[in-house]
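User: Please take one part of this model and look at it closely. Start with how its strands are joined, then follow the parts around it and the empty space that they line.

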Amino acid sequence: MTTSNTHVFAWPRRGNALVATLIISATVGLVLNLSSERLQGLQASSSTDHAKLEARLAAESLAAIIEGRLRERGAEDTAFLTKRLDASGPTTYGSSLEIAGYANSTDTTTRGIRIGNCMVWWRVEPVKVWSETVKELSATADGLYAINPNMDDQNASLDARYKAAVASDSLMFKDNDRNFLFRIVTEAYSLKDPTYIYNVSNPGYNPRNNAELRKASAQASRVVQYTLVNLFEYAIFYAAEGTTGDLEFWQGTGMAVKGRVHSNGAIYIGGGGQAYMSNQFHSAASGNGGLSIGSATEPTTVTAVDGVYRMRKPANYVSVIKNMHPQAYFDPYKVPTIGLGGELNLNGDTPSDGRHTINGRVFTSANDSRSTAIDNRMLNDFGRRVSDKFTGTKVVQSLANVPKFKGRPLEPDLLGGLDDTLFGDPTMPIVLANLSLNQAHPDFGGRGAPLYYSSDPRATNTPGLTFAPALAWGGNPDAARVSAYNLPLFRQDDKMERRLDIHNPGTLVELAQDSNDTEADFTTGTRTILLHNQLRIDSKTNRTGLVIRERRIPRAPSVAFPAAHPFPTVGGFPDAPTAIQLAAMRDYLIEQYQVRFYGADITDEFFADLTKVAATGNMAPCTTKAQAIVTEDFFINRRESNFMGMFFAQNMNDYRINLITLNLRRIQEFLANSRMSDLGITSAAVASNLAKQHFNGVVYIHRTRRSQTFHPLDRTRWWFNTTVRADFNPPAQVALPGGIAAGAREKDGPIESFHAGVRVRGGLVADGANRDHMASVNWQHDTDNDGLPNTMPLGTSKMTIITPNPMYLWGDINTTPYSDGTKNQRVPFAVFADSMTLLSARWSDASVNAYNVGTPRPFATHTSYVTSFVINNMPCREWNAVSEGSGAVANVCRFLENWGGGGNPGGVWPLPLKNMPEHPGGMPRPPTYGGQVVFTFMGSLVVMNEQRYGRGVLGAGSTNLNDTSFYSPPFRNLAYNTDLKLAAGQPPEALRALETTRVVSTVNMFDN
């Protein structure tokens, strides 16, 4: 039974087991199948998420690139911010930003840009608003109005209608002249096939149009606000980023600054003197004159991206060089505020010291930028008026920050106007890669021959080139040698990357030989700072600038070039020249320089002013050096002479500077009294007009650089030893390379200052009662041409003098006020230059005729300047920290005279800038005045980058890098010119910068 039972129950159990097995098998299979699908789903989901992340990163990355490029181009030229939105053409964002992948909303065939495994497209447009008022203005307006200001009136007619309509709409935003808002949109598509390549023959086959080509996509939208900043709104503005842009305050006497202060680097507020050389670091950071910026009743802003610190930069550097502090202390933020004892303490005055104030509050190491991360003392004491990158300050983008212009914002050509003979291997083709400055270039295997033109480069766009002297143009190999840049002012294309003359011989013309140099020829051409505005005729104002530039080839092949100077000694051109001497200077200048105005070469007419025998209008004949419109002179700059002797095989006792001196008064009189027909400009529309009616107030002067310092084809390199020696003596002199021709115009120096100087003559003591007139700027005020100014509005005679070279201002400049019928006013005036040296109204070239360490410095006299400066600086580095580094902001403009009390008998306060609106009867005498000679400056100081020409150290006293004192300091009487806040009070070409004030970003991601 058991068996039976076993038998009976065996089948059902066996059958149940089979069923169970089948069920289990099916269930397991189902589970496995479900798990596999889930796994596949998870894998697919993971792949999609990864693809979405790829697309997001690509979209955001390109949006950031577009934002930066837009800011950079806007800093180059603010008119760029109002370009059209078309996808192509030279005046649109799509082409001008030079980034592939631009596509408007309807374009589906534009080639994208590859970023990783993604293809990305982008577009940019001004932020717009909708209004019933403006929607019917044009068929395309569609109710949209761009709120960005129109800086260049490209669409003047439609823009005027928009503005008129908006003015009547109470709900619309009005009067926006400085804020630009843009929407940047990027679309990124992650590729299914990593090997995808765009096919130009099938442009529509791309992941933007075809879903089967993409795994995921993302769209980034970024709204950016750029704020336009007039740099002359600052009393002091340092534009360079990093340590080059560091702004230092230290001075032996007191200083007061009233106005905004900004640095894109750091700000150091420290003491004076050289005590740090004897390890007295704390004393160097603490002592000497005090500083007040702003006041409790008139507060201002002090902003520095890298922080505001109570310490002395050169003291920090020397302490590190001496191994007394770690190298990390080059960064002021890493210097501890406590724990450094005695003279090893790099911080300035103790918290109880009131020597330095900002807006009436004491500033010390306890409340500088290092406090904000700990106890917010800086914020608590000063609020947002004193800030850094940790508390909201951002880099203000200007031309100094644009890579193409960094270090050379005033240069007429990108790579610096290099002009040296090119050599090559005669067995090799004549191409750029086979040329060099150096005869012993290793690529030539020791062989090297100079390159010559075989035909006149001025007569054809395709001159021949040869290594054979016998085939040289005109039979004169010396005159036919090819240089890296034969002419400093040539037209550049929109990209302006590498345009050497041998690439495009058409650039060898004497400036821009376009028909009348009209505005249209410059719309997409030169983007170098300010140059096009001096060369072109502005069609809106019918005006142009005056350009004076040094020639690079002789006007006639028969003339030796460079010509021998007719008065080669210091002070050689006499104060009372003869007619023969005046003619000699005229003939020399005509061969040496070219002058252009209103699209014409006016060289002969301009320099002929030296030899005119009859009065013209209110211009007397030129009979004295003081009346000469231009001279070229020699004088001794003991600072640069010392530097040449310290660093190079030069005799400092006979090293001289060559200057072209512009007579501020005479140039104005020339423009105010010359008819256009007198200048050879015979167009019926303008021939009878005075030149001043077509002058835009800008004088641009450029001198070439004739040294062997820079290599034009390789990267820029200094032949200059800046190695800091352990004994702090000058670095060993550099052994110069061979192949430098004897008698080279700039000798063998790296500073390129011998033949680079530009000087502006104002009012001198020697002018007697005529001193104020010689200093005045009034070329437009004198409406009846009688030599006396008339009542005219602010800005009537505004003027800017621009040079990429070192500048010397000689005597009073722009000190004579004029009335607008209600109050006295200052003429807006500015000087842009590589560096600035100030010569007092008492200076004469003959007063220093050699370096002569023991010779007393000439005495200065009270001298005033109502002007704004845009210049470069010599930053504090390891090599010059031992000699007070940059000299701080008090010495960013250099002096060469004795400005001490000996030049001011009796300590008479000069009442400078008399009859100014704020100071009737003259500026008041400060309580800290000690009987010194007074240097008075009223304006704005903008410091762009590092100097390119000068390297001479400060030298207020003997230091490790100089064995004499080049000057004694003046009492610095500095004031901000409040007219600079007004449009009418800004000088021509006043620099603007862009500040990113707001960014809002969103990103959307999609599965496909």
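Analyst: Two strands are said to pair here if DSSP finds at least two bridges between them. The model is a predicted one.

The part to start from is strand β29, residues 695-702. Seven of its eight residues are buried, so β29 is largely enclosed by the rest of the structure. One of its partners is β24, residues 544-550, and the two strands pair in the parallel sense over five bridges. Within that pairing, Leu546 has Val699 of β29 as its bridge partner. The other pairing to follow is with β31, again in the parallel sense, over three bridges. There, Tyr700 is matched with Ile802 in β31.

β31 covers residues 799-802, and the loop that joins α13 (771-775) to β31 holds Ser776. Is Ser776 buried or exposed? Buried means under 20% relative accessible area; Ser776 has 1% relative accessibility, so it counts as buried. Its side chain makes a polar contact of 3.4 Å with the side chain of Tyr818. Apart from neighbours within four places in sequence, the contacts of Ser776 are Leu664, Arg665, Gln668, Thr816 and Tyr818.

Another enclosed element is the helix α11. All told, 10 of the 10 residues of α11 are buried, so the helix is largely enclosed by the rest of the structure. The buried residues include Arg638, Arg639 and Glu640 as well as Phe643, Met644 and Phe647. They pack against β28 (657-663) and β39. At the start of the helix, a side-chain oxygen of Asn637 comes to within 3.1 Å of the backbone nitrogen of Arg639.

Which elements each supply at least two residues of the lining of the second largest cavity? They are α11 (638-647), β32 (806-810) and β36 (835-839). β36 gives the most, with three residues. The volume of this cavity is about 150 Å³. Its lining has 15 residues, and those closest to the centre are Glu640, Ser835, Thr837, Gln947 and Gly950. Glu640 is also among the buried residues of α11. By class, the lining of the second largest cavity divides into four nonpolar, seven polar and four charged residues.

β39, against which the buried residues of α11 pack, leads on to another cavity. β39 (893-895) is one of the strands that each supply at least two residues of the lining of the largest cavity; the others are β7 (234-238), β9, β40 (934-939) and β42. The largest cavity has a volume of about 240 Å³. Of its 21 lining residues, Ile236, Val889, Phe937, Leu941 and Leu974 are the closest to the centre. By class, 17 of the lining residues are nonpolar, two are polar and two are charged. The largest share of this lining is that of β42, with four residues.

β42 also borders an open space. Together with β9 (255-257) and β12 (291-293), β42 (971-976) is among the elements that each supply at least two residues of the lining of the second largest pocket. In that pocket, too, β42 gives the most, with six residues. The volume of the second largest pocket is about 970 Å³. Of the 35 residues that line it, Ala256, Val257, Lys258, Leu974 and Ala975 are the closest to its centre. Leu974 is thus named both for this pocket and for the largest cavity. The pocket lining is made up of 15 nonpolar, 11 polar and nine charged residues.

As for the setting, the chain contains 13 helices and 43 strands. Of its 1008 residues, 56% count as buried. Among contacts between residues at least 6 apart in sequence, 73% join residues at least 24 apart. The count of cavities of 30 Å³ or more comes to 14.

Note on methods:
Residues are numbered from 1 along each chain as its sequence is written. This is a predicted model: local features need pLDDT of at least 70, side-chain atom pairs count only at pLDDT 80 or more; totals for chains, interfaces and linings use all residues. Side-chain values use heavy atoms; hydrogens and water are left out. Buried means under 20% relative accessible area, exposed over 50%, partly exposed in between (1.4 Å probe, protein chains only). A polar contact is a pair of N or O atoms within 3.5 Å; within protein, one must be able to donate a hydrogen and the other to accept it, and residues adjacent in sequence count only if both atoms are side-chain atoms. Contact means heavy atoms within 4.5 Å. On a 1 Å grid over the protein atoms alone, a cavity is a set of points where a 1.4 Å probe fits but cannot get out, and a pocket is an open set with protein on both sides within 12 Å along at least five of seven lines; lining residues have an atom within 4 Å of a point. Grid points are joined across faces, edges and corners, and a volume is the space filled by probe spheres set on the points. Ala, Val, Leu, Ile, Met, Phe, Trp, Tyr, Cys and Pro count as nonpolar, Asp, Glu, Lys and Arg as charged, and the others, Gly among them, as polar.
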